[in-house]
Amino acid sequence: MSINIVSISGNLGAAPTLRQTQSGMSVLGFSVCVNDRRKNQQTGEWEDVPNWIDCTMFGTRAQSLSQYLQKGTKVSIEGKLRWSQWERDGQKRSKIEVIVDELVFMSTNERPAAAPAYQQPPSYASQPNMAPQAAPQPVYAQQQGYAPQQYAQPQYAQPAMQGMYDEDIPF
């Protein structure tokens with residue numbers, strides 16, 4: 001049995017490239033910079049050393065995400081390693097890349113330019129048998145200047161513990 005799982009987070013080094021295969025499948029290629037922390041033997045100080053990881057995503061998700069990913073976007077990805085080998089100009093070449101299964105945006109302070117704006121849900125107060133509902137918080141509340149709402153903590157009933165002592169517990 002083999003396990004091939006990769007999980008990394010970092011920033012995109014350049015704008016991703018979207019291509020189509022001959023069969024019409026979308027292929028999104030991008031590189032993620034993952035820093036290693038190493039101690040410089042000459043100066044004795046810690047420094048970041050970048051590692052560039054090539055990543056590839058396939059299908060409709062690749063096409064959809066291509067409009068939101070841009071250089072510098074901080075992401076967390078999960079996928080599997082794939083080794084490829086080919087020959088170009090008489091020389092054998094190879095590379096290891098991550099085939100992306102999951103991608104999560106890690107930057108909350110930046111909204112992608114193509115992200116849809118938050119829309120207010122319709123009011124149900126005028127419709128019969130429909131109670132008015134509070135509007136949900138927008139995804140990008142911090143950017144729009146909304147203050148988070150304060151919600152009351154739920155009050156839970158405490159079980160009746162009167163008359164129960166440690167010696168009453170059978171273990």
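This section describes the fold, the nonpolar core and selected side-chain interactions of a predicted model.

The chain comprises 2 helices and 6 strands, arranged from the N terminus in the order β-β-β-β-α-β-β-α. Of its 171 residues, 22% are classed as buried. The accessible surface of the chain amounts to about 13,800 Å², of which carbon and sulfur atoms supply 50%. Among contacts between residues at least 6 apart in sequence, 52% join residues at least 24 apart.

In soluble globular proteins, nonpolar side chains tend to be buried together. In the present model, the largest nonpolar core contains 17 residues, and Phe30, Val32, Leu69, Ile77, Val100 and Leu103 have the most contacts inside it. Two or more residues are given to this core by each of the elements β1 (6-12), β3, β4, α1 (60-66), β5 and β6. Strand β3 provides the largest share, with 4 residues. Beyond its neighbours up to four places away in sequence, leucine 103 touches Phe30, Met57, Arg61, Leu65, Leu69, Val75, Ser76 and Ile77. Three of the residues named as having the most contacts inside the core, Phe30, Leu69 and Ile77, thus appear in the contact list of leucine 103.

Isoleucine 53 lies in strand β4, which spans residues 46-58. Its relative accessibility is 25%, so isoleucine 53 is counted as partly exposed rather than buried. Apart from residues up to four places away in sequence, isoleucine 53 is in contact with Ile8, Phe30, Ser31, Val32, Val34 and Val98. The C-alpha atoms of isoleucine 53 and valine 32 are 5.2 Å apart, although the two residues are separated by 21 positions along the chain. Phe30 and Val32, both touched by isoleucine 53, are among the residues with the most contacts inside the largest nonpolar core.

Serine 26 belongs to strand β3 and is buried, with a relative accessible area of 4%. Its side chain makes a polar contact of 3.1 Å with the side chain of glutamine 20. When neighbours within four places in sequence are set aside, the residues in contact with serine 26 are Leu18, Arg19, Gln20, Met57, Phe58, Gly59, Ala62 and Gln63. Met57 is also listed among the contacts of leucine 103.

The number of salt bridges comes to 5. One of these is formed by the side chains of arginine 37 and aspartate 48, with an N to O distance of 3.2 Å. This pair links distant parts of the chain, 11 residues apart, with arginine 37 in strand β3 (residues 26-39) and aspartate 48 in strand β4. Arginine 37 is classed as exposed because its relative accessibility is 52%, whereas aspartate 48, at 46%, is partly exposed.

Lysine 80 and aspartate 101 also meet through their side chains in a salt bridge, at an N to O distance of 3.7 Å. Here again distant parts of the chain are linked: lysine 80 is located in strand β5 (residues 74-88) and aspartate 101 in strand β6 (residues 91-105), 21 residues apart. Both partners are partly exposed, with relative accessible areas of 36% for lysine 80 and 35% for aspartate 101.

A further salt bridge joins glutamate 97 to lysine 95, whose closest N and O atoms are 3.7 Å apart. Glutamate 97 is buried, at 4% relative accessibility, while lysine 95 is partly exposed, with a relative accessible area of 32%. Both residues take part in a network of salt bridges that also includes Arg82.

The cysteine residues were considered last. A search of the whole structure yields 0 disulfides. Cysteine 33 is nevertheless classed as buried, with a relative accessible area of 14%, and cysteine 55 is likewise buried, at 2% relative accessibility.

Conventions
Residues are numbered from 1 along each chain as its sequence is written. This is a predicted model: local features need pLDDT of at least 70, side-chain atom pairs count only at pLDDT 80 or more; totals for chains, interfaces and linings use all residues. Side-chain values use heavy atoms; hydrogens and water are left out. Buried means under 20% relative accessible area, exposed over 50%, partly exposed in between (1.4 Å probe, protein chains only). Contact means heavy atoms within 4.5 Å. A salt bridge is a side-chain nitrogen of Lys or Arg within 4 Å of a carboxyl oxygen of Asp or Glu. A polar contact is a pair of N or O atoms within 3.5 Å; within protein, one must be able to donate a hydrogen and the other to accept it, and residues adjacent in sequence count only if both atoms are side-chain atoms. A disulfide is a pair of cysteine sulfur atoms within 2.5 Å. Accessible areas come from the Shrake-Rupley method with a 1.4 Å probe; for residues, only the protein chains shown count as cover. A nonpolar core is a set of buried Ala, Val, Leu, Ile, Met, Phe, Trp, Tyr and Cys residues joined through side-chain atoms within 4.5 Å.
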